[in-house]
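User: Hey, can you walk me through this one? I'd like to start with a helix and then see where we end up.

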Amino acid sequence: MARVKLVRIAHARSGDKGDTANVGLIALKPEFYPLLVQKVTADRVKEHFAGICLGAVQRFELPNLGALNFLLHESLDGGGTLSLKADAQGKTYSAALLRMEIDIPEDFLK
Amino acid sequence: MDWETIPNLADVGYPIIEAEPDGGFVITKHAGTGGRVTIESVKEQLLYEMGDPREYITPDCIADFTSIQLEQVGPDRVRFSGILGKPATDMYKVSISYSAGFKAIGTLMYSWPDAYAKAQAADAILRERLHRLGLRFDAIRTEFGGVNACHGTLAGEPSPEIAEVVLRVGVRSTERAPVERFTKEIAPLALNGPPTVTGLGSGRPKVEEIVAYWPALIPKTEASPEISVEET
C-alpha cells in the first residue's frame, strides 16, 4: 500500500449554508471514485476536521459525477455575518479535505 | 484544480446556457473570453453549496443531481442531459434578516524573528487585559494568518523562521459596549507588547452591527402575488 494525499487523486470545491459547510470531492479519474467511496467516509472526514467541524458530518454519493458531497455541520462559528472566522464561508475547506491521506494499492497511480 | 493553467482570468465572461426543449442544455462561454468550461470545472460548480444532491430544491422543481450526465462536446462546451426531478415543494423560501448584536475584528502583523511566538504572546496579553476589564463576550476567536486561519491544526506547525504572522482576534456580543471597549485594546498592544509589529495604519477596528440571516419556509398558500402598475 502507498499513502497519498487526496490532492493526488481528487479535486474539490467548498462553500457554505449558514453554519454548515459543504465540501464536494471529485475523482480526477473515474477509476479513483471507488477508492474515495471506500476510504473517505463520513467518520474519517469528521476526524480529519477535528477542531473545525463541531457537529455531524453527512456524506452523499454522486456516482454519475464521480463525486462525494460532504456536509460539515457547525463548522463556521455561526456562519454568515455572525462568524468571526477569516474563512466564514468555508471556501478553503475544499483544500483542507485534500490534505487527507489515504492508503491505496502501490501500482494504482502508475 | 490546475488554477494556474486557466487562461486569461482578467477577461472572464458570464457562462451561457443553450437550453433544449427536452431539458438538456449546453453550458459554454463567448469566444475570446478567459476561463475554461470543462467537465471538471462544471462539476466543481455543480457541487458548490450543495446539500442532498437527490433533493436539490429550486423555485421550479426538486432536481436530482445524481441523474445528470455530462459530456464534453467541444472546446469550452459541456452538455447536460438525462436530468430528472420532481415537482416543486409547496413552500416558499423566505430570507429573513435580523439584528444579532455586534462584532469587531482586530488585526496586527508580526515579522520575523519569532513572528508566531510574538503573535501568540500578544494574544495572551490581549486576553488578560480583556479579562481584567471584566468584559463579557458571546464569542472571542483568535486566528493566526500565515499559520492556521484557513485550515486550523491541519496546516501543521509553521517554520520557526516564518517571515510574518497576522494576529486576528474577533469578539461578538449582544451588547455594543464591550465590543467598543475591545477595539481600544488593539493599538496598545503595538506600544506595550511584543516588538516588530505593524498594521495599525487604518486605526482602531470598527464595531460592526451584525445583520444575521435566517432562511425559513412558508406555505405557498400564505403568499398571493399581486402586481400593480401605476403611472406617475
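Analyst: Sure. Keep in mind that this is a predicted model. In helix H1 of chain B, residues 39-47, the buried residues are Ser41(B), Val42(B), Lys43(B), Leu46(B) and Leu47(B).

User: What covers the buried residues of H1(B)?

Analyst: Both chains take part. The cover includes S2, S3 and S5 of chain A, along with strands S2 (25-28), S5 (69-74) and S6 (77-81) of chain B.

User: And what's just after H1(B)?

Analyst: Glu49(B) is there, and it takes a positive phi of about 55°.

User: OK, back to the two chains. How many residues are in contact?

Analyst: On chain A it's 29 residues, and they are in contact with 38 residues of chain B. On the chain A side, the elements giving two or more residues are strands S2 (10-17), S3 (20-27), S4 (57-62) and S5 (67-72).

User: Which one gives the most?

Analyst: That's S2(A), with five residues.

User: How do the residues on that side of chain A divide between nonpolar, polar and charged?

Analyst: There are 11 nonpolar, 11 polar and seven charged residues on the side that touches chain B.

User: New topic: what about strand S12 of chain B, how many of its residues are buried?

Analyst: Zero. S12(B) covers residues 208-219, and none of its 12 residues is buried, so to speak of cover, there's hardly any.

User: Which strand do bridges join to S12(B)?

Analyst: Strand S8 of chain B, residues 91-111. The two run antiparallel, joined by 11 bridges. Take Ser99(B): its bridge partner in S12(B) is Val211(B).

How values were computed
Residues numbered from 1 in each chain as written. Chains lettered and ligands numbered in written order. Predicted model: local features only at pLDDT ≥ 70, side-chain atom pairs only at ≥ 80, totals over all residues. Contact = placed C-beta atoms within 7 Å. Helix = DSSP H or I, 4+ residues; strand = E, 2+ residues; numbered from the N terminus. Nonpolar A, V, L, I, M, F, W, Y, C, P; charged D, E, K, R; others polar. Buried ≥ 20, exposed ≤ 12 C-beta atoms within 10 Å, placed from the backbone. Pairing = 2+ DSSP bridges.
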